[in-house]
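User: Hi! I keep meeting words like "buried" and "paired" in structure notes. Could you show me how such labels are earned?

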Amino acid sequence: QVQLVESGGGLVQAGESLRLSCAVSGRTFSSYRMAWFRQAPGKEREFVATMSRGADNAYYASYADPVKGRFTISGDNHKNTVYLQMNSLKPEDTAVYYCNAQGSILLKEDYWGKGTLVTVSS
C-alpha cells in the first residue's frame, strides 16, 4: 500500500513563502504521477500542480494558471518526498492542500494524503 503524509502548512502573510512536503511510503514516487490539489472552504477541490517522469527519465511539471510562476513542484528521490514550494502567496491561496499519487488505471490506483492547511492573511 502507498501512504502519503503532507506537512508544512501554516499561517503566513500575503507575499511570504511556504514549502509543503509529501512523504511517500510503500513505493517510490517515481512510479506514480504525483500532484498537489487544494480545497478552499465551501469550494470544490482544484488542481494545483503535477509531476511525472517521461520516457527520457526526466521529470515534467505542469501547473494550474493561478499558480504559474509562483509555485514549484519537485521531488527528492533519496527522501522519497515531493515538495510544493509556494512563493508570493495570496489570500486566495488559502486552502487545505492535498498530495495525490496516481498509478495504474486498470488497478484504480489513486492515493491521497489527509491534507495540510495553508492560511494566507492580508
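Analyst: Happy to; here are a few labels and the values behind them. Residues are numbered from 1 along each chain as its sequence is written. This is a predicted model, where local features need pLDDT of at least 70, side-chain atom pairs count only at pLDDT 80 or more, and totals for chains, interfaces and linings use all residues, while side-chain values use heavy atoms and leave out hydrogens and water.

User: Why is N80 called buried?

Analyst: Buried means under 20% relative accessible area, exposed over 50%, and partly exposed in between (1.4 Å probe, protein chains only). N80 has 13% relative accessibility, so N80 counts as buried. N80 sits in the loop between β7 (71–76) and β8 (81–86), and its phi is positive, near 50°.

User: And why does K108 count as exposed?

Analyst: K108 reaches 72% relative accessibility, so K108 counts as exposed. Its loop runs between β9 (95–102) and β10 (110–112). K108 also has a positive phi, near 55°, in a residue other than glycine.

User: What makes β4 and β5 a pair?

Analyst: Two strands pair if DSSP finds at least two bridges between them; strands are DSSP runs of E, at least two residues, numbered from the N terminus. Here 5 bridges join β4 (residues 33–39) to β5 (residues 46–53), and the two run antiparallel. One bridge partnership links R38 with E46 in β5.

User: How do you know that β5 also pairs with β6?

Analyst: Again 5 bridges join β5 to β6 (residues 59–63), and they run antiparallel. A49 has Y63 in β6 as its bridge partner.

Methods
Helix = DSSP H or I, 4+ residues; strand = E, 2+ residues; numbered from the N terminus.
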